[in-house]
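Biologist: Could you take me through the aromatic rings in this predicted model, one by one, and show me what sits around them? I'm in my first year, so plain words please.

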Amino acid sequence: MTLLRQSILLVSLSFSLMGCVTQGKYFESNTSWIKIGETKKQDVSLVLKKPFSVGSSSGMETWTYGYYKYKLFGQSQVKEIKFYWNNDSSLNRYTFNSSFPQDIDRANLKK
């Protein structure tokens, strides 16, 4: 292999390793539209579409929406909202967590 090909291969490999992997679907951080006891599964489906994952917590159905940006070097970022559903499809509770800088800055401004 020539020196030029080796150099090109090394540079290409370096760029691919420094990149990031994104998983999930981006969603807005605004949760003001979500109301405990009022928001229904169909409301969430209209706004956020299909959940990233579904599960159960103490017998309660859960839907999770996530947007994950993993980096080999530097800070990875995660944004996740989880909905906990009552048997009548109304919202029992939800959690929102984010490590994206704009969300952390917004939370710090509320203090």
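Modeller: Start with Y84: R93 lies over the face of that ring, 4.0 Å from the ring centre. There's a second case of a charge over a ring, where the charged end of K79 sits over F27, at 5.4 Å from the ring centre.

Now for rings that meet other rings. A pair of aromatic rings is described by how far apart the centres are and by the angle between the planes. The count here comes to eight aromatic pairs. Take F52 and Y68: their centres are 5.3 Å apart and their planes are at 55°, so this pair is tilted. To be called edge-to-face, the planes would have to be over 60 degrees apart. F52 lies in the loop between α2 (41–48) and β2 (53–57), while Y68 is in strand β3 (residues 60–71), so the pair ties together parts that are 16 residues apart in sequence. The two partners aren't equally covered: F52 is partly exposed at 37% relative accessibility, whereas Y68 is buried, with a relative accessible area of 7%.

Next door in the sequence to Y68 is another ring to look at. Y67 pairs with F100, and this pair is stacked, with 5.8 Å from centre to centre and 20° between the planes. Y67 belongs to strand β3 and F100 to the loop between β5 (91–98) and α3 (101–110), so here the parts being tied together are 33 residues apart in sequence. Y67 counts as buried at 14% relative accessibility, and F100 counts as buried too, at 5%.

Some rings form a group: W63, Y65, F83, W85 and Y94 are linked into a cluster by ring pairs. To see what surrounds one of these, pick W85. Leaving aside residues up to four places away in sequence, W85 touches T39, K40, K41, V44, M60, E61, W63, S90, L91 and N92.

Two names in that list, K41 and E61, also meet each other: their side chains form a salt bridge, at 2.5 Å from N to O. Side chains of opposite charge can pair when their charged atoms come close. The count of salt bridges comes to one. E61 is in strand β3 and K41 in helix α2, 20 residues apart, so this is a link between distant parts of the chain. K41 counts as buried at 17% relative accessibility, while E61 counts as partly exposed at 34%.

What about the wider packing? The largest nonpolar core has twelve residues: F27, I34, V44, L48, W63, Y65, Y67, I81, F83, W85, L91 and F100. You'll spot several rings from earlier in there, including Y67, W85 and F100. The elements giving two or more residues to this core are α2, β3 and β4 (77–85). In soluble globular proteins, nonpolar side chains tend to be buried together.

Strand β3 also holds T62, which is buried, with a relative accessible area of 5%. Not counting residues up to four places away in sequence, T62 touches S53, V54, G55, S56, S57, K82, F83 and Y84. So Y84, the ring that has R93 over its face, turns up again among the contacts of T62. The C-alpha atoms of T62 and Y94 are 9.1 Å apart, though the two are separated by 32 residues along the chain.

Let's step back to the whole chain. It has three helices and five strands, and from the N terminus on they run α-β-α-β-β-β-β-α. Buried residues make up 23% of its 111 residues. Of the contacts between residues at least 6 apart in sequence, 46% join residues at least 24 apart.

Two loop residues have an odd backbone angle. K49, in the loop between α2 and β2, has a positive phi of about 70° although it isn't a glycine. S89, in the loop between β4 and β5, likewise has a positive phi of about 70° without being a glycine. Both count as partly exposed, K49 at 46% relative accessibility and S89 at 25%.

Last, a word on confidence. The chain averages a pLDDT of 88, and 85% of the residues score at least 70. Among its elements, α2 has the highest mean pLDDT (98), and helix α1 (residues 3–18) has the lowest (63). Where pLDDT is low, the predicted coordinates should not be read in detail.

Definitions and conventions
Residues numbered from 1 in each chain as written. Predicted model: local features only at pLDDT ≥ 70, side-chain atom pairs only at ≥ 80, totals over all residues. Heavy atoms only, no water. Phe/Tyr/Trp six-rings, centres within 6.5 Å; stacked < 30°, edge-to-face > 60°. Helix = DSSP H or I, 4+ residues; strand = E, 2+ residues; numbered from the N terminus. Buried < 20%, exposed > 50% of the residue type's maximum accessible area, 1.4 Å probe, protein only. Lys NZ or Arg CZ within 6 Å of the ring centre and 35° of its normal. Contact = heavy atoms within 4.5 Å. Core = buried A, V, L, I, M, F, W, Y, C linked by side-chain atoms within 4.5 Å. Salt bridge = Lys/Arg side-chain N within 4 Å of Asp/Glu carboxyl O. pLDDT = per-residue confidence, 0-100.
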